[in-house]
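Me: Hello! I am new to this structure, so could we walk through a few parts of it together?

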Amino acid sequence: MRDELDDWLDATAALLGIAVAPEWRQSVRLHLRLTRDMAERVAEFPLPDEAEPAAVFRA
Amino acid sequence: MTDFAWSSAGAIAAAVDRGAAGAGEVIDQTLQRIAHRNPLLNAFTAVTADRARARAATKPRGPLAGVPFAVKNLIDIAGVPTLAGSKINRERPPANADATLIARLEAAGAILVGALNMGEFAYDFTGENSHDGPSRNPHDTTRMTGGSSGGSGSAVAGGLAPIALGSDTNRSIRVPASFCGIFGLKPTFGRLSRAGSFPFVASLDHLGTLARSTMDLALAYDAMTGPDPLDPACTDRLDPPIAPSVHRGSDGLRIARAGGYFRIGAGPEALTAVDNVARALGVSREVEIAEAARAREAAYVITTAEAGALHLHRLRRQARDFDPDVRDRLIAGAMVPAPWLVQAQKFRRWYRDRVLRLFDKVDAILASATPCIAPPIGQRTFVLEGQEMLLRPNIGIYHPADLVYRAAGRRRAGAARRRHADRRAGHRRSLARGRGIAHRLRSRGAWDRARSATAGIAARSNRTGCCSRRAGAASRPLCAKRQRRLRQRPTRAMGSVYCGTHRGVAPQRGLDPHRRIHGEPRIDR
């Protein structure tokens, strides 16, 4: 059954110009799910708008 | 004729320097060993025999005179294509110059003997490679070397070279060092130039060294460190050499064991060995690194997104030429929405600040480098925290400290089998020359108590980083007589050590050793 992972995969593959072969799809989808789950937990961590990213540019 | 197969880099250089051996003799021996053993170990993908012999004929001088070394094949060697473990890069023209670190090692007298196998584009913890075949663990050739610097681990542990260069983004030096039973050093970010190496994750990539002793790590580090205008991330600082201070050991260091996340998921061998080593060092303190699990997840997001972006044009044109396991992860990485990546980098800053505060209270933190001993080649899943999980993305679960840009050592691994007993005896003597915390462990017999299972630690905290090793942990208790005998043996250990030695303190005389540190690593990217 299709879900948002399939929509994400299809839309982004088309946008980026990556041809995902049918036999790769399940594996790519698995990695998308892993990445999404991890990213969501990182995103849940409260940070202020002023939080600096790790990379800092100095004069 | 002396057999240099298991000699340290320092011993080889000393022999060449005093005329007891010629560089040509050392290189001839090395090339013969490679020809004999590499068909089994599959550590090398290219052997630069002509270049090595020509270089030896110049009678090189220096602190690494006549010392053979090899490099992971993502590091440029003039005249050799830089494969980065891939099929795709075989179409690239040969590199037109050596990488900075090769040039610096050769300026110190070392002699390059070849390029080493690795996981494709460094996105790997196993040491397997679908194009070149897996590098094999010298302790048990049915088992993984760990990756992605798998050939580096195999070459050093297999006696094919005393020093090898690798790269470490999320543990790619420390995992193979652990599984192959040697030392590895991932220096603080920006300490060693990455110029002339194929990238993976620009904000997390490090080059470093694998060796059979901490002194050899120090000698190689001293030869390679220094500013490099070709790498904008490389520090401008010039520091005094560290090798002369390696013998100072760990006395006075405030050492703690990592608890919480760093013990969850660790197998019994890893836990036993870390406990044994902590006991041997008299370490009772435990620190918990807050939000370590989330840090690992941030690192995962950063890694997959940056790597996916790097390879996007290849994924468009040549997706079928990738190792399938790598390809599918890269495709998913290229699809990561920007807000996730930005949030991960912001969290990374927050996490880094929190971890640095810990180093106001401790100087070194002990942790297992891997949760298990080296798995069999081809294994795709393993059990972690009672759940079957994919092996490739999860062997390196203990890498949250990497987000801190801090130096870390590796551990020694899975001492799986008792094959090659004679070689291992020599290997053990070599390993026993480790310094620092390794010294202290040795005197207390920690390695031997931990022997045959997994993990201990041995670490040395110095200005460049720390070194650690892991041991095989005891699967059964030893009798008192055996324990007494073992306590008299040299120490081996394993695990990772994260040190607090790189705070914003300029090198000064008279300070506690781990306070004689350089400044904060540059992260202006």
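Me: At roughly what angle do the axes of helix H9 (residues 292-310) of chain B and helix H12 (residues 338-358) of chain B cross?
Reply: Happy to help! This is a predicted model, in which local features need pLDDT of at least 70, side-chain atom pairs count only at pLDDT 80 or more, and totals for chains, interfaces and linings use all residues. Residues are numbered from 1 along each chain as its sequence is written, with chains lettered from A and ligands numbered from 1 in the order in which they are written. The axes (lines fitted to C-alpha atoms over the stretch in contact, with angles from 0 to 180 degrees between N-to-C directions) come within 9 Å, and they cross at roughly 135°.

Me: Which word describes how H9(B) lies to H12(B)?
Reply: Angles under 35 degrees count as roughly parallel, over 145 as roughly antiparallel, 65 to 115 as roughly perpendicular and the rest as oblique. The crossing is at roughly 135°, which makes H9(B) oblique to H12(B).

Me: How many residues of H8(B) are buried?
Reply: Helix H8 of chain B covers residues 268-280 and has 13 residues. A residue is buried if 20 or more other C-beta atoms, placed from the backbone, lie within 10 Å of its own. Those that qualify include B:Val274 and B:Asp275, and the buried count in H8(B) is ten.

Me: Which residue just after H8(B) takes a positive phi?
Reply: Look just past the end of H8(B). The phi there is about 70°, and the residue is B:Gly282.

Methods:
Helices (H or I, at least four residues) and strands (E, at least two) are DSSP runs, numbered from the N terminus. The expected span of a helix is 1.5 Å times one less than its number of residues. A residue is buried if 20 or more other C-beta atoms lie within 10 Å of its own, exposed if 12 or fewer, and partly exposed in between; C-beta atoms are placed from the backbone.
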